[in-house]
Amino acid sequence: MITEKMSLAEVVKEYPQTIPYLNDLHLDYCCGGHQPMDESFTDGSVDLEKVLAELNRIASQPEKASNGQAGTIEAFEKLSVNEMLSDLETTHHITEREMMDEIDALLNKILVVHYPNHGEELTQIHNLFARLKAELEEHFAKEERLVFPMMRANPHPDKETVAQVKILENEHTSAGDMLKQLQILTDDYTLPEDACPTFARTYFVMKAFTEDVFVHVFKENSIVFPEYEEQ
Ligand SMILES: [Fe+2]
Ligand SMILES: [Fe+2]
């Protein structure tokens, strides 16, 4: 049973099949979703009663839980911390690097072709994505070459490793903020009427990339890091 006293991160941990619904509503379960819902939805923008009813409806359909990203979260939770770290490196880090390369090339292409009609917004999107890509590439390198090796070498968390993990969490928040900003700039990846197939492919991959990063950050912030700190 999902109640207003649960945070969205707790909801997803227990019922990962709720992710697509939370994504549709732009509700953050990964970077900032750590407060109880009744404390985080105080500005009136979310109908808490309606959201709770829908979350409980989705949560009561266990047969859907093993599909897609929800399935990967359920399998992930069963791993040891070291296995989780390797899993992140061989799944999200690889696919997101590939997606960022594709998006980078596509954005550059549509920026040129659609500059006459959409130059202003595409310039902002292109610029913000370039900054996000740089940050994430540096973040992945830091995880793979510095922090994950520290975590493997110090299975009982020491002060220095915990401090590094905190820095990673702050970087997740920064990346999450940029992804939310991109959702706003693209009107949640809504294509303009004169969009060509390349434009459509760009937004399609950007949307898939966003959802992948959210799951990736959720796994690190809400599963691996807490489990490591408890060891
Ligand atoms: Fe990562
Ligand atoms: Fe990370």
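**Two irons, two domains and a shared core**

The iron ion (ligand 1) takes its protein donors from His 93 (NE2), Glu 143 (OE), His 216 (NE2) and Glu 220 (OE), at distances of 2.0 to 2.2 Å. It's worth saying up front that this is a predicted model. Along the chain, the donor residues of the iron ion (ligand 1) come with the spacing H-x49-E-x72-H-x3-E. The geometry of the iron ion (ligand 1) is irregular, with angles among its four donor atoms running from 85 to 165°. His 93 sits in helix H7 (residues 92-113) and His 216 in helix H10 (residues 197-230), so this pair ties together parts that are 123 residues apart in sequence. Both His 93 and His 216 are buried.

Now for the other metal. The iron ion (ligand 2) is held by His 139 (NE2), Glu 143 (OE), His 172 (NE2) and Glu 220 (OE), which lie 2.0 to 2.1 Å from it. In sequence, the donors of the iron ion (ligand 2) read H-x3-E-x28-H-x47-E. This site is irregular as well, its four donor atoms making angles of 85 to 169°. Here the pair of Glu 143, in helix H8 (residues 115-153), and His 172, in helix H9 (residues 159-185), links distant parts of the chain, 29 residues apart. Glu 143 has a relative accessible area of 0%, so it counts as buried. His 172 falls in the buried class too, because its relative accessible area is 3% and the class covers values under 20%.

What separates the two metals, and which residue bridges them? The iron ion (ligand 1) and the iron ion (ligand 2) lie 3.3 Å apart, with Glu 143 as the bridge. Glu 220 also turns up in both donor sets, through an OE atom each time.

Zooming out, the protein splits into domain 1 (8-76) and domain 2 (79-230). Their centres, taken over C-alpha atoms, are 20 Å apart. As for who meets whom, 16 residues of domain 1 are in contact with 22 residues of domain 2. The area buried between the two domains comes to about 1600 Å², and 63% of that is on carbon and sulfur atoms. On the domain 1 side, Cys 30, Cys 31 and Phe 76 lose the most area to domain 2, together making up 42% of what that side buries.

The inside of the protein holds a largest nonpolar core of 67 residues, in which Tyr 29, Met 37 and Phe 209 have the most contacts. Helix H10 supplies the largest share of this core, 14 residues. Both domains feed into the core, with at least three residues drawn from each of domain 1 (8-76) and domain 2 (79-230). Helix H10 is also where the iron donor His 216 is found.

Met 37 gives a feel for the packing. With neighbours within four places in sequence set aside, Met 37 is in contact with Ile 2, Thr 3, Glu 4, Met 6, Ser 7, Leu 8, Val 11, Leu 48, Leu 52 and Leu 55. Two of these partners, Val 11 and Leu 55, come up again at Thr 18. Thr 18 belongs to the loop between helix H1 (8-14) and helix H2 (19-24). Is this loop residue buried or exposed? Thr 18 has 0% relative accessibility, so it counts as buried. Beyond its neighbours within four places in sequence, Thr 18 is in contact with Val 11, Val 12, Leu 55 and Ile 58.

Two other positions have some surface showing. Gln 69, in helix H5 (residues 68-77), is partly exposed because its relative accessible area is 27%. Leaving out residues up to four places away in sequence, Gln 69 touches His 92, Asp 212 and Val 215. Between Gln 69 and Glu 96 there are 14 Å from C-alpha to C-alpha, with the two 27 residues apart in sequence.

Thr 198 is placed in helix H10 and, with 27% relative accessibility, likewise counts as partly exposed. Not counting neighbours within four places in sequence, the contacts of Thr 198 are Leu 106, Lys 109 and Ile 110. Of these, Lys 109 is 89 residues from Thr 198 in sequence, yet their C-alpha atoms are 8.1 Å apart in space.

Definitions and conventions:
Residues are numbered from 1 along each chain as its sequence is written. Chains are lettered from A and ligands numbered from 1 in the order in which they are written. This is a predicted model: local features need pLDDT of at least 70, side-chain atom pairs count only at pLDDT 80 or more; totals for chains, interfaces and linings use all residues. Side-chain values use heavy atoms; hydrogens and water are left out. Donors are N, O and S atoms within 2.8 Å of the metal (3.2 Å for Na, K and Ca); water is not among the atoms, so sites may look incomplete. Four donors count as tetrahedral if all angles lie between 85 and 135 degrees; four count as square planar and six as octahedral if opposite donors are over 155 degrees apart and all others between 65 and 115; anything else is irregular. Helices (H or I, at least four residues) and strands (E, at least two) are DSSP runs, numbered from the N terminus. Buried means under 20% relative accessible area, exposed over 50%, partly exposed in between (1.4 Å probe, protein chains only). A nonpolar core is a set of buried Ala, Val, Leu, Ile, Met, Phe, Trp, Tyr and Cys residues joined through side-chain atoms within 4.5 Å. Domain bounds come from an automatic or database domain assignment. Contact means heavy atoms within 4.5 Å. Buried area is the accessible area (1.4 Å probe) that two parts lose on being put together, summed over both.
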